[in-house]
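Trainee: Could you take me closely through one part of this model and then place that part in its wider setting? I would like a connected account rather than a list.

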Amino acid sequence: RELVEGQAIDPRGELVFKGHLRDGGVSWVMRVLHRESDSHRAMKVIRPELLADARVAREQERELERSAAVPGDFAVRLFDVGRLPLAAAPGAEPLWYLTTEWLDGRSVREEIARAGGTLSPERAFSVALQAARAVGELHRCGIVHGDLRPEHLVVGRSNAVRLIDYGVAPAVRERAETLWGVPWRSSRVVAPEVARVGAAAATPAADVYQLGVLTYELFVGRPCSPFVAYCLWPR
């Protein structure tokens with residue numbers, strides 16, 4: 001919050017702060033200017049409290065390393081991963097960040113609302129197919145998204161859909177729920193095994209489950225309530 005517009009915020013001075021976008025339960029998101037390319041990018045900074053546990057920090061570091069290999073054909077393209085020399089307190093560790101391409105567009109959630117709550121079958125199929133391709137792209141790099149929902153699909157040029165908000169380790173999402181109640185295991189879209197076991201059960205199969213929940217909502221216009229009830233059943 002102490003950053004001012006035009007301030008360089010990375011160690012090499014290549015990224016310039018252009019404004020704060022939102023506070024998420026897992027990260028802060030900012031808009032930055034990449035000097036060399038003269039293009040805007042989105043920067044996500046992981047909240048340091050979530051990485052205070054050494055095991056969680058290691059998992060997040062590995063997740064960022066895997067994310068760097070994502071080609072960005074269907075998932076949003078990731079440009080850079082690193083650590084910012086901005087400290088939350090004296091002696092604090094630098095903050096992990098990642099930058100992705102800047103997407104001018106609306107979320108699929110907004111598109112559903114504009115369509116009156118229901119997409120056409122053709123559009124619903126197109127969005128579901130592009131989401132599945134993006135998830136496959138992540139899985140080939142060893143990444144589990146863990147939070148697939150219409151808010152994390154952005155509609156850009158020519159109605160192409162891109163998946164955002166990957167690069168966050170399941171253990172970090174779980175810790176955010178433990179510390180601040182940010183829904184993850186308790187989310188309506190979570191896979192049953194993740195709801196029961198936690199981050200250890202966040203496998204590619206859990207993403208496939210979420211794709212099913214997402215596809216239902218795209219076609220029907222509302223969450224798949226039988227799945228929610230199933231998730232809440234005791235083991």
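Mentor: Gly-105 sits in the loop between β5 and β6, and since the model is a predicted one, what follows describes computed geometry. With a relative accessibility of 52%, Gly-105 counts as exposed, because the cut-off for that class is over 50%. Leaving out residues up to four places away in sequence, Gly-105 touches Val-154 and Val-155. Ala-200, by contrast, is 95 residues from Gly-105 in sequence, and their C-alpha atoms are 34 Å apart in space.

Ser-107 belongs to strand β6, which covers residues 106-107. Its relative accessibility is 12%, and Ser-107 therefore counts as buried, the limit being under 20%. When neighbours within four places in sequence are set aside, the contacts of Ser-107 are Pro-150, Glu-151, Leu-153 and Val-154. Val-154 is thus a contact of Ser-107 and also a residue that Gly-105 touches.

On the other side of the loop, strand β5 (residues 95-101) is joined to β4 by 6 bridges, and the two strands run antiparallel. Within this pairing, Leu-84 stands opposite Leu-95 of β5. Both strands belong to an open sheet of 5 strands, ordered β1-β2-β3-β5-β4, in which the pairing is antiparallel. The edges of this sheet are formed by β1 (15-23) and β4 (78-84), each of which pairs on one side only. Averaged over the sheet and with direction ignored, neighbouring strands are turned by 25 degrees against each other. As a general matter, strands of a sheet pair through backbone hydrogen bonds, in either a parallel or an antiparallel way.

Helix α1 (residues 54-67) lies across β3 (39-46), β4 and β5, and the helix runs at about 25 degrees to β5. Helix α1 also packs with helix α4 (residues 170-180), at an angle of about 135 degrees and with 8 Å between the axes. That angle makes α1 oblique to α4, because it falls outside the ranges for roughly parallel, roughly perpendicular and roughly antiparallel, the last of which begins over 145 degrees. On the α1 side the contact is made by Arg-55, Val-56, Glu-59 and Gln-60, while α4 supplies Ala-171, Val-172 and Arg-175. Sorted by character, the residues of this contact comprise 3 nonpolar, 1 polar and 3 charged.

Methods. Residues numbered from 1 in each chain as written. Predicted model: local features only at pLDDT ≥ 70, side-chain atom pairs only at ≥ 80, totals over all residues. Heavy atoms only, no water. Pairing = 2+ DSSP bridges. Helix = DSSP H or I, 4+ residues; strand = E, 2+ residues; numbered from the N terminus. Axes fitted to C-alpha atoms, helices over the stretch in contact; angles between N-to-C directions. Contact = heavy atoms within 4.5 Å. Parallel < 35°, antiparallel > 145°, perpendicular 65-115°, else oblique. Nonpolar A, V, L, I, M, F, W, Y, C, P; charged D, E, K, R; others polar. Buried < 20%, exposed > 50% of the residue type's maximum accessible area, 1.4 Å probe, protein only.
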